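Visitor: Please show me the model, and then let me ask how each label attached to it is justified.

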Amino acid sequence: MFDAPNTKIKNIDIAIVGFGNVGRSLAKLIVYKRQVLEDKFNLRINVKAIFDSKGAVVKEEGFSNYELLKLTEIPRSKISEFENGLRGASLKEIYDKIKPNIHVELTPSNYIDGEPSTSNILTALNLDCNVVTATKSPLVLHYDEIFSLTKKKGLKVKFRGTVMGGTPFIDLLMSLKSYEIIKVEGILNATTNFILSTMYEKLISYEQALAEAKAIGVAEADPSIDIKGIDAAAKLIIIGRLLGKRISLDKVERDDISKLTLNDIINSIKENRVIKYIATIDESSASVKLRSLEKSDPLANINGTTNAVRIVTDSGDLFFVGKGGGGMETAHSVLDDIISIGVSS
Ligand SMILES: NC(=O)c1ccc[n+]([C@@H]2O[C@H](COP(=O)([O-])OP(=O)(O)OC[C@H]3O[C@@H](n4cnc5c(N)ncnc54)[C@H](OP(=O)(O)O)[C@@H]3O)[C@@H](O)[C@H]2O)c1
């Protein structure tokens, strides 16, 4: 005897734009969680298109588990070489055909002009598609434009993966409705915290610690976005928006951690203190600064690639520790956003 088909299953069609570390982890996670999503939420997530910087691959009925896993094995920039691949096709042409419910933006953050992610998101919204993004720059540079279009269209834009990528910090912050939030401060960049922790642990110079971070893939070949505090400042700007504050990147005071010497580290040890790279936002300012903390401060004890945030409120301090990022960790945040749009649409 056959089971009656489950008529309650809701199909959510998505397109993944950016198929690097996070995009590939998301494709795998959708495969691993497919059954759970159907059983628990009655959701079937169909990936109908995937884009990299050179092209796209499209399947109107959605890729099978096998095809998704095969796609994650294709070398970077070669997605359009898969069967039905399209080189150079535009987002609009493809979306006109597949009409996804959710556009998932996972291209690199670009703090010069916010592209290609800002145009991708605006195009998707104009085509009546909800958005989930882990890419920070469109929110940092074009928040008002994106959210006024989102409101006008009655759509949703979700961005849990943009701050503490692997930890649901944004949801926690947004849930604090009855608190007055006086200050948010913390360690928001995994690369620089790893460099500082390694300088303390091994008593080596900034340059040596950076080389170690690069060797194990914690730092990019060009780490300037991290070491100049731009990544942490971008996260502060997003946190600021959630607190109702509008801050531009040039208004966030930033230290460059490359100025830190081994002598600074040794002197702080002698004084029983720890230097940390702390991002802070309060009523009047936002900054990403090297700060000398008492050893007893919980932030002084956060090491390696772990992130931590202290939310200072009128009802005391809340302390939040978790993974800053990582492909699979961030993919979980992205998938949670997809599920939350799926269940509420
Ligand atoms: N990795 C993390 O732990 C983490 C955590 C939180 C947030 N994020 C954010 O999530 C986003 C993705 O991170 P990632 O680590 O996956 O980056 P990544 O590994 O560098 O992958 C970026 C992807 O975007 C593609 N791409 C670049 N330009 C494009 C364009 N014009 N159109 C379509 N695709 C384009 C790249 O194509 P090619 O394959 O052709 O190069 C690549 O597939 C970034 O904005 C990052 O800041 C990452």
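Visitor: Which residue takes a positive phi just after H10?
Guide: That residue is Gly 244, whose phi is about 85°. The model is predicted, with local features requiring pLDDT of at least 70 and side-chain atom pairs pLDDT 80 or more, whereas totals for chains, interfaces and linings use all residues. Residues are numbered from 1 along each chain as its sequence is written, and side-chain values use heavy atoms, with hydrogens and water left out.

Visitor: How do you know where H10 begins and ends, and what span is expected of H10?
Guide: Helix H10 covers residues 230–242; helices (H or I, at least four residues) and strands (E, at least two) are DSSP runs, numbered from the N terminus. The expected span is 1.5 Å times one less than the number of residues, which for the 13 residues of H10 is 18 Å, and the 19 Å from its first C-alpha to its last is close to that value.

Visitor: What makes H10 mostly covered?
Guide: Twelve of the 13 residues of H10 are buried, a word that stands for under 20% relative accessible area, with exposed meaning over 50% and partly exposed in between (1.4 Å probe, protein chains only). Among the buried residues of H10 are the charged-type side chains of Asp 231, Lys 235 and Arg 241, together with Ile 237, Ile 238 and Ile 239.

Visitor: How many residues of H4 are buried, and what covers them?
Guide: In helix H4 (residues 117–126), seven of the ten residues are buried, namely Ser 117, Thr 118, Asn 120, Ile 121, Leu 122, Ala 124 and Leu 125. Their cover includes strands S1 (10–17), S5 (102–105), S6 (130–133) and S7 (157–158) as well as helices H3 (91–98) and H5 (137–153).

Visitor: Which features flank H4, and why is Asp 128 placed in its accessibility class?
Guide: The loop between S5 and H4 holds Pro 116, and the peptide bond from Glu 115 to Pro 116 is cis, with omega near 5°. In the loop between H4 and S6 lies Asp 128, a residue other than glycine whose phi is nonetheless positive, near 65°. The relative accessible area of Asp 128 is 47%, which lies between the buried and exposed cut-offs, and therefore Asp 128 is called partly exposed.

Visitor: Which residue between H1 and S2 has a positive phi?
Guide: It is Asn 42, in the loop between helix H1 (21–41) and strand S2 (43–51), with a phi of about 55° although Asn 42 is not a glycine.

Visitor: Why are Glu 61, Leu 86 and Thr 192 put in their accessibility classes?
Guide: Glu 61, in the loop between strand S3 (55–58) and helix H2 (65–71), has 60% relative accessibility and is therefore exposed. Leu 86, in strand S4 (residues 85–87), has 33%, so Leu 86 is partly exposed. Thr 192, in helix H7 (residues 190–202), has 1%, so Thr 192 is buried.

Visitor: What is Thr 192 in contact with, apart from its neighbours within four places in sequence?
Guide: Contact means heavy atoms within 4.5 Å, and with those neighbours left aside Thr 192 is in contact with Asp 226, Ile 227, Ile 257 and Tyr 277. Thr 192 and Tyr 277 are 85 residues apart in sequence, while their C-alpha atoms are 7.3 Å apart. Leu 86, with its neighbours within four places left aside, is in contact with Gly 55, Ala 56, Val 58, Ser 80 and Ile 94.

Visitor: What makes a residue one of those around the ligand, and which come nearest?
Guide: A residue is near a molecule if one of its heavy atoms lies within 4 Å of it. There are 22 residues around the ligand, of which Val 22, Ser 53, Ser 77, Thr 107 and Gly 326 come nearest. By class the shell has seven nonpolar, twelve polar and three charged residues, where Ala, Val, Leu, Ile, Met, Phe, Trp, Tyr, Cys and Pro count as nonpolar, Asp, Glu, Lys and Arg as charged, and the others, Gly among them, as polar.

Visitor: How do you know that Val 22, Ser 109 and Lys 136 make polar contacts with the ligand?
Guide: For the ligand, a polar contact is a pair of N or O atoms within 3.5 Å. Ligand oxygen atoms are 2.8 Å from a polar backbone atom of Val 22, 3.3 Å from a polar backbone atom of Ser 109, and 3.4 Å from an N or O atom in the side chain of Lys 136, so each of these pairs meets the cut-off. Taken alone the ligand exposes 900 Å², of which the protein buries 78%, with areas from the Shrake-Rupley method.

Technical notes: Polar contact = N/O pair within 3.5 Å; in protein donor to acceptor, adjacent residues only side chain to side chain. Areas by Shrake-Rupley, 256 points an atom, 1.4 Å probe, with all protein chains shown as cover.
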